[in-house]
Amino acid sequence: MSVSAQDHAYMARALQLAARGLATTTPNPRVGCVIVKDGKIIGEGWHEKAGSPHAEINALMQAGMVAQGATVYVTLEPCSHHGRTPPCADALIRAGVARVVAAMQDPNPSVAGEGLARIRTAGIQVEHGLMSAEAHELNAGFIKRMVYGHPYVRIKTASSLDGKTALSSGESKWITGDTARADVHRLRARSCAILTGIGTVLADNPSLNVRNVETVRQPIKVILDSTLQTPPNATILQGAKTIIACVAPDTAKAAALEAAGTEILCLPGADGKVNLHALLSRLAQKGINEVMTEAGPSLNGALMTAGLVDEWVQYLAPCLLGSTARPLFELAEPIGMAQRLNWKLADQRMVGNDLRLTWRK
């Protein structure tokens, strides 16, 4: 693939546009498109929400007839199938564009290279792979769901420098500052679902919704509650849809919770607890791309032990809480150093007075 500095600049702009759909496109991917002719941008667009026109269509509508002979930069391979909207590959062919540059192929089995192949067969120059890493980053959840049948799981923790989340009494407000807490709401806004455990629900009665950040939708809330202890009047059940995963539902409890608007999933595991793999599979089937976990050490530890965490966002406050304070994870000690859980630092930055570290496998 032969690309120029201008190609990079236009694809970077397309990625910028795609990011505008960070909190709105679920279950679809975030996609941006830029159309260029004679060194000038003649059309721009991004996919705004599921069911609405795709990025390429929005850009073509802006470009109009001038799109003939133009170069199209798109962050994801144009679709080739009929979903809620017609194929974008066909629209680009009809528009008579001369060149299509895609950042990455679509992992959706319904597309998987067919869109680019159709465009190439029509005699249009096709290239892909430009800024592929950035495009993958933008749609990590969509890719994970398409390829592995699981959503992308992001754990968020807030702790002291010595890795403690609360005093032994349970007091935890507030370890981190206002800026860090606002940053958490931005992470919630981009997530399709927020996962927590019954211990957090009973101890904190949280809402786990997006506040003080502009958003057009609230993420689904998912509670791991083996024996349905969630009170029907719990704050978390208000607002967005709530799913409760249990082991063996008590009929009366289930009826009360369903009357409060929740969906009950019975997913027993071999260990007598909720089957986490089955839960993630069911969430993926519901079109959930990204799950953000805000939970206590038990659920956090279970997800870590099961190898189900893709990303860990760790907020570190500049304080110490002592050896008897509550830990980040309940984890079994490894047999030896060779069995330890290793992570790679993907990003680090100050958020107010707190340090945010992003770890990935």
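Start by selecting Gly322, which is partly exposed because its relative accessibility is 28%. You're looking at a predicted model here. Gly322 sits in the loop that links strand S13 (311–317) to strand S14 (326–327). Which residues does it contact, if you skip neighbours within four places in sequence? Select Asp162 and Lys164, and you have them. Now add Ser168: 154 residues separate it from Gly322 along the chain, yet the two C-alpha atoms are 9.4 Å apart.

**The five-stranded sheet**

Next, go for the strands. Colour S2, S1, S3, S4 and S5 in that order, and you have an open sheet of five strands with mixed pairing. Strands of a sheet pair through backbone hydrogen bonds, and they can do so parallel or antiparallel. Which strands stand at the edges? They are strand S2 (40–46) and S5, and each has a single partner strand, so one side of each has no neighbour in the sheet. Look along the sheet too: on average, neighbouring strands are turned by 15° against each other, ignoring direction.

Zoom in on S1 and S2. These two run antiparallel, and six bridges join them. To see one of the bridge pairs, click Val36 and then its partner in S2, Ile41.

Now bring in the helices. Show H1, which lies across S1, S2, S3 and S4 and runs at about 145° to S1. Then show H4: this helix packs on the sheet, touches S4 and S5, and makes about 155° with the direction of S5.

**Into the cores**

Time to peel away the surface. In soluble globular proteins, nonpolar side chains tend to be buried together. The largest nonpolar core here has 40 residues, and the ones touching the most other members are Met11, Ile35 and Val100. Which elements should you colour to see where the core comes from? Those giving two or more residues include helix H1 (5–18), strand S1 (32–37), helix H2 (55–63), strand S3 (71–74) and strand S4 (99–102). H1 gives the largest share, six residues.

Stay with Met11 and light up its contacts. Leaving out residues up to four places away in sequence, Met11 touches Tyr73, Val74, Thr75, Val101, Ala102, Ala103, Leu130 and Met131. Apart from this core lies another one, of 29 residues; select Val153, Ile155, Leu283 and Leu303, which are among them.

**Backbone oddities**

Met131 was one of the contacts of Met11, and it deserves its own click. Met131 lies in the loop between strand S5 (125–128) and H5. Its phi is near 60°, a positive value in a residue that isn't glycine. Is Met131 buried or exposed? It counts as buried because its relative accessibility is 17%, and the cut-off for buried is under 20%.

Jump to Asn205 for another positive phi in a residue other than glycine, this time near 45°. Asn205 is in the loop between helix H8 (198–204) and strand S9 (220–224). With a relative accessible area of 39%, Asn205 is partly exposed.

Now for peptide bonds. Select Thr26 and Pro27: the bond joining them is cis, with omega about 5°. Pro27 belongs to the loop between H1 and S1. Then select Lys173 and Trp174, whose peptide bond is also cis. There, omega is near -15°. Trp174 is in the loop between strand S7 (164–166) and H7.

**Along helix H7**

Follow the chain into H7, residues 178–190. Try the distance tool on its end C-alpha atoms, which are 19 Å apart. At 1.5 Å a residue, the 13 residues should span 18 Å, so the two values agree. Now colour the buried residues of H7: Ala180, Arg181, Asp183, Val184, His185, Leu187, Arg188, Ala189 and Arg190.

**Last stop: two cysteines**

How many disulfides does a search of the whole structure find? Zero. To see a pair that doesn't bond, select Cys246 and Cys266. The closest cysteine sulfur to that of Cys246 is in Cys266, 4.7 Å away, which is too far for a bond; the cut-off is within 2.5 Å. Switch on the surface to compare their surroundings. Cys246 is buried, with a relative accessible area of 0%, whereas Cys266 is partly exposed at 39% relative accessibility.

Note on methods. Residues numbered from 1 in each chain as written. Predicted model: local features only at pLDDT ≥ 70, side-chain atom pairs only at ≥ 80, totals over all residues. Heavy atoms only, no water. Helix = DSSP H or I, 4+ residues; strand = E, 2+ residues; numbered from the N terminus. Buried < 20%, exposed > 50% of the residue type's maximum accessible area, 1.4 Å probe, protein only. Contact = heavy atoms within 4.5 Å. Core = buried A, V, L, I, M, F, W, Y, C linked by side-chain atoms within 4.5 Å. Expected span 1.5 Å × (residues − 1). Pairing = 2+ DSSP bridges. Axes fitted to C-alpha atoms, helices over the stretch in contact; angles between N-to-C directions.
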